[in-house]
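Dear colleague,

I am passing on to you the structure we spoke of, with the sequence alongside. Below it you will find my notes on what turned up when I went through it.

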Amino acid sequence: MSTTDAGPLRREAVPAAFDVGASAYDRLVGANPGYHAHLRLSARRMRLPGDGRGLRLLDAGCGTGASTAALLAAAPHAEIVALDASGQMLAQARAKPWPSSVRFVHAKVEDLAEAGVHGPFDGILAAYLIRNLADPDGQLRALHDLLRPGGTLAVHEYSVRDSLKAQLMWHTVAWSVIIPFGRAATGDATLYRYLWRSVDGFDGVRRFRRRLREAGFTGVHSETMTGWQRDVVHTFLATRPQDTT
Ligand SMILES: C[S@@+](CC[C@H](N)C(=O)[O-])C[C@H]1O[C@@H](n2cnc3c(N)ncnc32)[C@H](O)[C@@H]1O
């Protein structure tokens with residue numbers, strides 16, 4: 001995966017850019033039809049048993065807590081650790097009401113152990129995170145190792161490369177809605193132009209599924225969404241095999 005050519009914003013600077021956009025984030029994604037419903041769909045697709053009773057879950061790159069809320073809806077009795085590298089995004093998340101079973105951690109996903117977050121987890125949701133990482137393959141392997149054998153990773157992510165129709169849809173939505181509205185809401189379009197370019201350069205569905213298998217996962221498959229996000233946003237599901245340690 002290319003770690004360059006994602007516009008003037010380097011991937012290492014992405015969390016700081018989210019600090020700038022944090023106060024407008026919920027307003028902007030709330031105007032995106034399907035945003036929250038699709039996160040909940042990805043969490044349900046993890047098929048977490050027993051309403052999450054006895055399970056430990058990780059929301060990697062939780063942002064303002066939209067994906068955390070989706071995990072909580074799918075597994076209301078689970079213990080959830082939600083982490084993000086952006087202090088301002090986390091401040092928005094922490095300001096919301098949560099049960100005591102949800103804990104927020106300010107850390108880069110690359111520095112989980114140093115932040116005192118250890119596995120094993122029964123399930124991990126990474127929503128709109130992997131595309132932003134400097135070393136996605138290394139982090140997919142690290143997420144694999146954080147899962148207990150049999151545990152599920154769900155990557156909720158844009159992937160348009162395999163479909164010309166999806167690419168056209170993405171360009172249209174990005175340039176007619178996301179970039180102008182993002183600029184109007186925050187006074188700066190850097191993050192939104194980065195979003196457009198990073199999605200444009202990200203793996204196609206087949207390439208990303210292969211990347212998951214190369215990271216050690218089995219049972220890799222993906223399902224898309226409804227609405228304008230059909231073939232644009234996907235849930236990639238993958239399992240840590242039972243026979244690895
Ligand atoms: C587009 S937001 C998604 C937030 C949330 N998952 C959602 O679905 O609404 C991506 C989040 O990933 C975080 N992020 C980016 N790189 C990260 C890293 N290396 N470690 C942890 N979080 C990171 C950003 O700070 C941002 O809050």
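D137, D203 and R211 are linked in a network of salt bridges, and I should say at once that the model in which they are seen is a predicted one. Within this network, R211 pairs with D203, their closest N and O atoms lying 2.6 Å apart, and both of these residues, R211 and D203, are buried. By the rule used here, the protein has a count of 10 salt bridges.

Another of the salt bridges joins R206 to D162, with 3.9 Å between the closest N and O atoms. Because R206 belongs to helix α8 (residues 205-214) while D162 sits in the loop between β5 (147-158) and α6 (164-186), this pair ties together parts that are 44 residues apart in sequence. R206 is exposed, its relative accessible area being 53%, and D162, at 35% relative accessibility, counts as partly exposed. A further pair is formed by R207 and E214, whose side chains meet in a salt bridge at 3.9 Å, N to O; here R207 is partly exposed, with a relative accessible area of 27%, whereas E214 counts as exposed at 51%.

As to charge on the surface, E110, D111, E114 and D135 gather there in a patch of negative charge. One of these residues, D111, has its place in the loop between β3 (102-106) and β4 (121-127), and with a relative accessible area of 31% D111 is partly exposed. It may help to recall that residues enter such a patch only if their relative accessible area is over 30% and they have no salt bridge.

The backbone has some features that you may wish to look at on the screen. Most residues other than glycine have a negative phi, and most peptide bonds are trans. The peptide bond from G119 to P120, however, is cis, with omega near 0°, and P120 is found in the loop between β3 and β4. R47, although it is not a glycine, has a positive phi of about 50°; R47 is placed in the loop between α2 and β1 (56-60) and is exposed, with a relative accessible area of 71%. Y128 is likewise not a glycine and has a positive phi of about 60°; Y128 lies in the loop between β4 and α5 (136-146), but is buried, its relative accessible area being 14%.

Turning to the protein as a whole, its secondary structure comes to eight helices and seven strands. A compact globule with 245 residues would have a radius of gyration near 18 Å, and the 17 Å of this protein agrees with that. Taken along the principal axes, the C-alpha atoms fill a box of roughly 45 × 40 × 30 Å, and of the 245 residues 51% count as buried. For a sense of distances inside that box, G34 and A115 are 81 residues apart in sequence and 33 Å apart in space, C-alpha to C-alpha. G34 has its place in the loop between α1 (14-30) and α2 (35-45), where G34 is partly exposed, with a relative accessible area of 26%.

With best regards

Conventions:
Residues numbered from 1 in each chain as written. Predicted model: local features only at pLDDT ≥ 70, side-chain atom pairs only at ≥ 80, totals over all residues. Heavy atoms only, no water. Patch = residues over 30% accessible without salt bridge, like charges linked within 9 Å, V, L, I, M, F, W, Y side chains within 5 Å. Areas by Shrake-Rupley, 256 points an atom, 1.4 Å probe, with all protein chains shown as cover. Salt bridge = Lys/Arg side-chain N within 4 Å of Asp/Glu carboxyl O. Lys, Arg positive; Asp, Glu negative; His and termini not counted. Charge placed at Lys NZ, Arg CZ, Asp CG, Glu CD. Helix = DSSP H or I, 4+ residues; strand = E, 2+ residues; numbered from the N terminus. Buried < 20%, exposed > 50% of the residue type's maximum accessible area, 1.4 Å probe, protein only. Rg over C-alpha atoms; globule rule 2.2 N^0.38 Å.
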